[in-house]
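Reader: Got a minute to walk me through this one? Keep it quick.
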Amino acid sequence: MREKQISKESSVYHYRLLQRIRYKQAFIIAFWCLPGIAYVWDLIRWHPLPMLLSVVLIPLLHTLIIYLYFTFKEKRPLHQWGIQYRFPWIGFVPLGYFALYRMLNLNLHLLWVTAVICGCFFPWVSFDMILHAMFIHLWILLPRFILIFLMRHCMEDGYLKINEQDTSCYAQ
């Protein structure tokens, strides 16, 4: 049997699992029911447009903020990022390993910048629309903050890896 040789220019990464959080089915169902219930309430009140606009505009705003954050602050392109529609990482998320402390900083930026942008539209947009936008904004970010909080003891040297059934934290 031939032995495989590793070239001198190649990088070898060894990651050690620190923590894995699996997504519970009941939590996923409850998570998706919240905007469904809010939308049914809007349909009863004959105001379905604010929720529909919020579901489209808030993830687009998050994507724009992440793009601007990496372009101006990090000064690097987003090669390892992509759009996901899976719980709890809905929107623009890293596809590979990403430092946990950087994910916390990025989500804190998303939380405050999006809230300020929504508040800036107050004179021109109805209060109902702003409430719906803030609801969708918090609905997207709250599960992320919960996962980051649960992994807080790995903050210094942890790397986040987002999978279909779980979120894992690794150390290099």
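Author: Sure. Start at R86, which counts as partly exposed at 31% relative accessibility. Buried means under 20% relative accessible area, exposed over 50%, and partly exposed in between (1.4 Å probe, protein chains only).

Reader: Before more numbers, what kind of model is this?
Author: This is a predicted model: local features need pLDDT of at least 70, side-chain atom pairs count only at pLDDT 80 or more, and totals for chains, interfaces and linings use all residues. Residues are numbered from 1 along each chain as its sequence is written, and side-chain values use heavy atoms, with hydrogens and water left out.

Reader: Back to R86. Which residue forms a salt bridge with R86?
Author: E164 does, with the closest N and O atoms 3.4 Å apart. A salt bridge here is a side-chain nitrogen of Lys or Arg within 4 Å of a carboxyl oxygen of Asp or Glu.

Reader: Where do E164 and R86 sit in the chain?
Author: In distant parts, 78 residues apart. E164 is in the loop between strand 5 (158–162) and strand 6. R86 is in the loop between strand 2 (81–85) and strand 3 (90–94). Helices (H or I, at least four residues) and strands (E, at least two) are DSSP runs, numbered from the N terminus.

Reader: How many salt bridges does the count come to?
Author: The count is 5 salt bridges. One of them joins the side chains of R22 and D166, at 3.5 Å from N to O. R22 lies in strand 1 (residues 16–22) and D166 in strand 6 (residues 166–171), so this pair ties together parts that are 144 residues apart in sequence.

Reader: Is R22 buried or exposed?
Author: R22 is exposed, with 55% relative accessible area. D166 counts as buried, at 7%.

Reader: And D42 with R45, how far apart are the closest N and O atoms?
Author: They are 3.0 Å apart in that salt bridge. D42 is buried, at 1% relative accessible area. R45 is partly exposed, at 28%.

Reader: Switching to the fold. How many helices and strands are there?
Author: The protein has 4 helices and 6 strands. From the N terminus on, the elements run β-α-α-β-β-β-α-α-β-β.

Reader: What is the strand order in the open sheet?
Author: The order is 1-6-5-4, a sheet of 4 strands with antiparallel pairing. Strand 1 and strand 4 (98–99) are the edge strands, each pairing on one side only. Two strands pair if DSSP finds at least two bridges between them.

Reader: How many bridges join strand 1 to strand 6?
Author: There are 6, and the two strands run antiparallel. Q19 stands opposite C169 in strand 6. As background, strands of a sheet pair through backbone hydrogen bonds, either parallel or antiparallel.

Reader: Aromatics next. How many aromatic pairs does the count come to?
Author: It comes to 13 aromatic pairs. One of them is W32 with W139, edge-to-face, 5.3 Å centre to centre and 75 degrees between the planes. W32 is in helix 1 (residues 25–44) and W139 in helix 4 (residues 127–150), 107 residues apart. The rule: rings of Phe, Tyr and Trp (its six-membered ring) pair if their centres lie within 6.5 Å; planes under 30 degrees apart count as stacked, over 60 as edge-to-face and the rest as tilted.

Reader: Is W139 buried or exposed?
Author: W139 counts as buried, at 10% relative accessibility. W32 is partly exposed, at 38%.

Reader: Which residues form one aromatic cluster with those two tryptophans?
Author: Y23, F27, F31 and F87 form one cluster with W32 and W139.

Reader: And the surface? Which residues form a nonpolar patch?
Author: L49, L52, L53, V56, L57 and L60, with about 540 Å² of accessible area together. L52 lies in helix 2 (residues 49–74) and is partly exposed, at 44% relative accessible area. Patches are made of residues with over 30% relative accessible area and no salt bridge: like charges are joined within 9 Å, nonpolar side chains (Val, Leu, Ile, Met, Phe, Trp, Tyr) within 5 Å. Accessible areas come from the Shrake-Rupley method with a 1.4 Å probe; for residues, only the protein chains shown count as cover.

Reader: Last one. What does the C-alpha trace span?
Author: About 70 × 40 × 30 Å along its principal axes. Of the 172 residues, 40% count as buried.
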